[in-house]
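Colleague: I should be grateful for a close look at one part of this model, namely a pair of packed helices, and then for an account of how the rest may be read beside that pair.

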Amino acid sequence: MRPVVLCFSGLDPSGGAGLQADIEAIGQAGAHAAIACTAVTIQSSQQVFGFDPCHAELVRNQAMAVLEDLPVNTIKSGMLGTTDNIKMLTRLFANKVIKKNTPFVLDPVLVANSGGSLGDEATLVAAFKTLLPYATLVTPNTHELRALSGEQDLHVAAQKLCAQGTHAVLVKTSHDFDSGDIEQYLYVKGDMVHKSVLPRLDGEFHGSGCSLASYIAGRLAIGDTLVDAVITADAWITQTLRAADNPHPDQPDAQLIPNRFIKAK
Ligand code: PLP
């Protein structure tokens, strides 16, 4: 069977972000996605109206059903929604229910691209501190990176997370809208090991962060090194954004939905 990535992520009914993004991106990376659903959000492609988190025991039971059945070799988390869910996932690592050294891509989701809340930021940030040391790679946007580290400078912030135990941090400047091209830095154990510059494409995208993190997780699952996974994911995500669908062509500021049914070259 293809290697399995177990994702802890929320349902976005518009299909742009969340667990649908995970399933599509991981499938395109050549792995199989299994999902423990953490929350059901109420949202369109443009706006979050609310969400109902799943109880931590329900999420754990979903994860256990998968872990006892499928050859899971990578974990990915997106929207966790509550501190109970973050603590539950931390315990799965701490108690070695998830095997030691299993690659873990942690996308520390706090808010949607549209600005809508996907949990209480202050309590989620505090709870993430115990989960971060289990992460192989954290993929925050600039807002999340500053919130998690308490640092404004992105390089200092990434180094601080590494000093606190996170193996690697992928810094993405895509949310700093006054910057030109998008820069990405990959910090491993506090050192920058890779830097890339991506073109800033016109438009805002719904689910680009989930897609990138999941594609990386899928590539790690099939055996890529971290640097190779990031390089391949950058090429793939750029294509999905270039081919993105616009649900509201009459609205200049509409958020576009990445077209993830695109093969990396
Ligand atoms: N997870 C869920 C369930 C979401 O609804 C969203 C955003 O709407 C996200 C994650 C984060 O999405 P993005 O990839 O745009 O950061």
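How are helix 7 and helix 8 oriented to each other: parallel, perpendicular or oblique?

Modeller: The model is a predicted one, and the description below should be read in that light. Helix 7 comprises residues 208-221 and helix 8 comprises residues 226-242; the two pack at an angle of about 140 degrees, and their axes are 9 Å apart. Angles over 145 degrees count as roughly antiparallel and those from 65 to 115 degrees as roughly perpendicular. Helix 7 and helix 8 are therefore oblique to each other. Their crossing is right-handed.

The contact between the two helices can be followed residue by residue. Helix 7 contributes Ser 208, Ser 211, Leu 212, Tyr 215, Ile 216, Arg 219 and Leu 220. From helix 8, the residues that meet them are Leu 226, Ala 229, Val 230, Thr 232, Ala 233, Asp 234, Trp 236, Ile 237 and Leu 241. Sorted by class, this contact has 11 nonpolar, three polar and two charged residues.

One participant, Leu 226, merits separate attention. Leu 226 lies in helix 8 and has a relative accessible area of 15%, so it is buried, given that the limit for that class is under 20%. Leaving aside residues up to four places away in sequence, Leu 226 touches Leu 220, a residue that also belongs to the helix 7 side of the contact. The other residues touched by Leu 226 on that count are Thr 136, Leu 137, His 167, Ala 168, Leu 186 and Val 188. Of these, Leu 186 and Val 188 fall within strand 8, which covers residues 182-188. Ser 114, by contrast, is 112 residues from Leu 226 in sequence and 29 Å from it in space, C-alpha to C-alpha.

Two further helix pairs may be set beside this one. Helix 4 (residues 121-131) packs with helix 5 (residues 142-149) at an angle of about 70 degrees, and their axes are 9 Å apart. That angle makes helix 4 roughly perpendicular to helix 5, and the crossing of this pair is right-handed. On the helix 4 side the contact is made by Glu 121, Val 125, Phe 128 and Lys 129, which meet His 143, Ala 147 and Leu 148 in helix 5. By class, the contact has four nonpolar, one polar and two charged residues.

Helix 4 also packs with helix 3, at an angle of about 0 degrees and with the axes 9 Å apart. Helix 3 is thus roughly parallel to helix 4. Helix 3 supplies Thr 83, Ile 86, Leu 89, Thr 90 and Phe 93, while helix 4 supplies Thr 123, Leu 124, Ala 127, Phe 128, Thr 130 and Leu 131. The residues of this contact divide into seven nonpolar, four polar and no charged. Phe 128 appears in the contact of helix 4 with helix 3 and again in that with helix 5.

Helix 4 has an exposed position as well. Ala 122 is in this helix, and its relative accessible area of 59% makes it exposed. Between Ala 122 and Leu 110 there are 9.4 Å from C-alpha to C-alpha, at a sequence separation of 12 residues. In helix 2 (residues 56-67) one finds Glu 57, which is exposed at a relative accessible area of 52%. The C-alpha atoms of Glu 57 and Asn 85 are separated by 8.5 Å, although these positions lie 28 residues apart along the chain.

Two loop residues have a positive phi without being glycine. Asn 101, in the loop between helix 3 and strand 5, has a phi near 70 degrees and is exposed, with a relative accessible area of 73%. Lys 189, in the loop between strand 8 and strand 9, has a phi near 50 degrees and is likewise exposed, with a relative accessible area of 65%.

The cysteines complete the account. The structure holds zero disulfides. Cys 7 is in none, and the nearest cysteine sulfur, that of Cys 210, is 10 Å away. Cys 7 counts as buried because its relative accessibility is 0%; Cys 162 counts as buried too, at 10%.

Technical notes:
Residues are numbered from 1 along each chain as its sequence is written. This is a predicted model: local features need pLDDT of at least 70, side-chain atom pairs count only at pLDDT 80 or more; totals for chains, interfaces and linings use all residues. Side-chain values use heavy atoms; hydrogens and water are left out. Axes are lines fitted to C-alpha atoms, for helices over the stretch in contact, and angles run from 0 to 180 degrees between N-to-C directions. Helices (H or I, at least four residues) and strands (E, at least two) are DSSP runs, numbered from the N terminus. Angles under 35 degrees count as roughly parallel, over 145 as roughly antiparallel, 65 to 115 as roughly perpendicular and the rest as oblique. A crossing is left-handed if the near helix is turned anticlockwise from the far one by less than a right angle, and right-handed if clockwise. Contact means heavy atoms within 4.5 Å. Ala, Val, Leu, Ile, Met, Phe, Trp, Tyr, Cys and Pro count as nonpolar, Asp, Glu, Lys and Arg as charged, and the others, Gly among them, as polar. A disulfide is a pair of cysteine sulfur atoms within 2.5 Å. Buried means under 20% relative accessible area, exposed over 50%, partly exposed in between (1.4 Å probe, protein chains only).
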